[in-house]
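Trainee: Could you walk me through how to read the empty spaces in a model, and then a few single residues?

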Amino acid sequence: MDVPLECTSRIYQKIAAHFIRHGKEELAEKIEGVDSLFSIPDLLDRHEVERPLVVTGPKVSKSTFFESFINDRETGYVVYHWVKRDPTVSQAEEIAAFYEKNKCDSFIAIGGGSAIDAAKGAAACIARPGKKLEKMRGLMHVRKDTPFFIAVPTTAGTGSETTSTAVLSDNATGQKFAITDPHLMPDVAVLDPSLLVSLPPDETAYTGMDALTHAVEAYLNTPYHLSDTAEDCEDAVEGIMDALPKAYEDGEDLQAREEMLIASYTAGTAFDVSGVGNIHALAHALGGVLHLPHGMINAVVMPYVLREYGLTVMPELAKLASVCDIEKDGTREERAAGFINAIEDMNEDMGIPKHLEIDEKDIPKIAAWAYKEANPLYPVPVIFDRKRFAKIIRQIKK
């Protein structure tokens with residue numbers, strides 16, 4: 001154990017926990033149901049905004065539902081449709097400049113986490129003109145009101161529609177970093193399951209496992225829990241373990257799609273309070289080097305980290321197993337092991353690998369990036385130093 005790291009991190013987390021418990025922000029207003037996308041014009045009227053910038057990616061912008069949505073409002077929209085996967089600081093700045101040039105007064109982000117996070121980054125730029133996004137890295141550095149913001153997820157996984165965090169990539173290094181501030185919380189989240197029916201099975205799997213990781217990590221981060229956090233996590237885990245295989249097998253199963261959207265939203269509300277942990281820290285670091293889908297990396301990493309936590313997380317994992325009716329007659333140890341095994345089985349059923357192609361020379365950098373993200377911020381059950389991160393990376397490495 002790295003005693004100085006342990007002490008400084010736990011002191012930081014105790015202070016952070018005090019502020020979390022005394023400063024909970026309002027959640028995004030939730031509008032759900034088939035065709036709820038088309039409630040947006042009324043929302044804009046209600047909030048007295050007239051010229052929204054719609055931020056999305058090239059794939060969504062070519063969809064039938066997007067074309068119908070754009071043509072549904074008489075006064076029209078300004079559209080930015082070039083968001084890439086893993087949006088960079090420069091793209092968020094470009095969106096902000098596009099917003100200003102077109103005299104917009106609000107944001108509508110339609111897409112996965114990349115579109116929503118890119119728009120959040122742009123909103124931070126609008127709120128703090130002249131301040132670089134790199135300087136807003138970490139906690140509470142926006143501090144100014146952002147424009148009215150509607151988030152419309154087209155995947156069920158990132159939870160960005162109900163969190164106060166945006167994840168962006170550094171242009172120079174590719175390293176991902178988070179900007180977290182209550183002002184980045186969307187005002188409205190529109191959860192329309194009909195937007196997900198064309199989501200391919202692999203993306204359904206990756207984004208769904210991302211949501212599961214959010215719920216599991218938030219559940220384990222007990223120092224930051226509010227009164228309803230554990231229950232939210234349990235509801236999300238149960239919903240995902242039930243609905244994700246169904247959505248993967250049949251993309252047109254609207255009930256499964258809606259259950260996944262609700263579970264992703266619920267997991268988002270939980271990890272917005274409790275944060276994520278070593279799984280995400282490692283997945284972000286690996287993603288900055290491998291440029292693979294974030295949710296897929298989370299799915300690969302999760303069983304390794306949970307096993308590395310060992311006895312420390314056995315009670316929590318056993319409880320999640322009971323919630324999901326896994327190994328219900330087993331001992332606490334058997335139920336905890338059964339929960340991890342169930343994650344691996346679901347990964348295998350959805351074609352997610354157990355190992356990744358990682359170059360040995362990149363391991364120190366990946367471990368250092370993960371260490372820097374996780375500590376001292378995340379109240380994880382076991383604090384990992386660089387050596388422990390490197391150990392897990394080598395287990396994952398082919």
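Mentor: Sure. Keep in mind that this is a predicted model. Let's start with one residue: Ser-36 is found in the loop between β1 (29-32) and α2 (40-46).

Trainee: Is Ser-36 buried or exposed?

Mentor: Buried means under 20% relative accessible area. Ser-36 has a relative accessible area of 6%, so it counts as buried.

Trainee: And what does the side chain of Ser-36 reach?

Mentor: The backbone oxygen of Gly-33, at 2.8 Å. Once you set aside neighbours within four places in sequence, Ser-36 is also in contact with Ile-31, Val-190, Leu-191 and Asp-192.

Trainee: Now a loop residue from elsewhere. Where is Gly-351 found?

Mentor: Gly-351 sits in the loop between α13 and α14. The cut-off for exposed is over 50%, and Gly-351 has 57% relative accessibility, so it counts as exposed. You can also look at what the fold brings alongside a residue. The C-alpha atoms of Gly-351 and Met-296 are 10.0 Å apart, with their positions 55 residues apart along the chain.

Trainee: On to the empty spaces. What's the general idea?

Mentor: You roll a probe the size of a water molecule over the atoms, and that shows where empty space is left. A cavity is a set of points where the probe fits but cannot get out, whereas a pocket is an open set.

Trainee: How many cavities of 30 Å³ or more does the search find?

Mentor: There are 2 in the whole structure. The largest cavity holds about 40 Å³ of space. Gln-175, Lys-176, Ala-281, His-284, Ala-285, Trp-369, Ala-370 and Glu-373 line the largest cavity. The elements giving two or more residues to that lining are α10 (278-290) and α14 (363-374). By type, the lining of the largest cavity splits into 4 nonpolar, 2 polar and 2 charged residues.

Trainee: What is the volume of the second largest cavity, and which residues line it?

Mentor: Its volume is about 30 Å³. The second largest cavity is lined by Ala-156, Leu-199, Thr-204, Thr-207, Gly-208, Leu-244, Ala-247, Arg-257 and Met-260. Helices α7 (201-220), α8 (229-249) and α9 (254-274) each give two or more residues to this lining, and α7 has the largest share with 3 residues. Here the division is 5 nonpolar, 3 polar and 1 charged.

Trainee: Let's try a pocket. Which element gives the most to the lining of the second largest pocket?

Mentor: That's α13, with 5 residues. The second largest pocket has a volume of about 160 Å³. The elements that give two or more residues to its lining are α11 (294-309), α12 (314-323) and α13 (332-349). Among the lining residues are Leu-306, Arg-307, Met-314, Leu-317, Glu-333 and Ile-340. The full lining divides into 8 nonpolar, 2 polar and 2 charged residues.

Trainee: Last topic, cysteines. How many disulfides does a search of the whole structure find?

Mentor: It finds 0. To see how one cysteine is ruled out, check its sulfur distances.

Trainee: Why is Cys-104 not bonded to Cys-125?

Mentor: A disulfide needs the two sulfur atoms within 2.5 Å. Cys-125 holds the closest cysteine sulfur to that of Cys-104, and it is 15 Å away, which means it is too far for a bond. Cys-104 is buried, at 10% relative accessibility, whereas Cys-7 is partly exposed, at 42%.

Definitions and conventions. Residues numbered from 1 in each chain as written. Predicted model: local features only at pLDDT ≥ 70, side-chain atom pairs only at ≥ 80, totals over all residues. Heavy atoms only, no water. 1 Å grid on protein atoms, 1.4 Å probe; cavity = no way out; pocket = protein on both sides within 12 Å on 5 of 7 lines; lining within 4 Å. Points joined across faces, edges and corners; volume = space filled by probe spheres on them. Helix = DSSP H or I, 4+ residues; strand = E, 2+ residues; numbered from the N terminus. Nonpolar A, V, L, I, M, F, W, Y, C, P; charged D, E, K, R; others polar. Buried < 20%, exposed > 50% of the residue type's maximum accessible area, 1.4 Å probe, protein only. Polar contact = N/O pair within 3.5 Å; in protein donor to acceptor, adjacent residues only side chain to side chain. Contact = heavy atoms within 4.5 Å.
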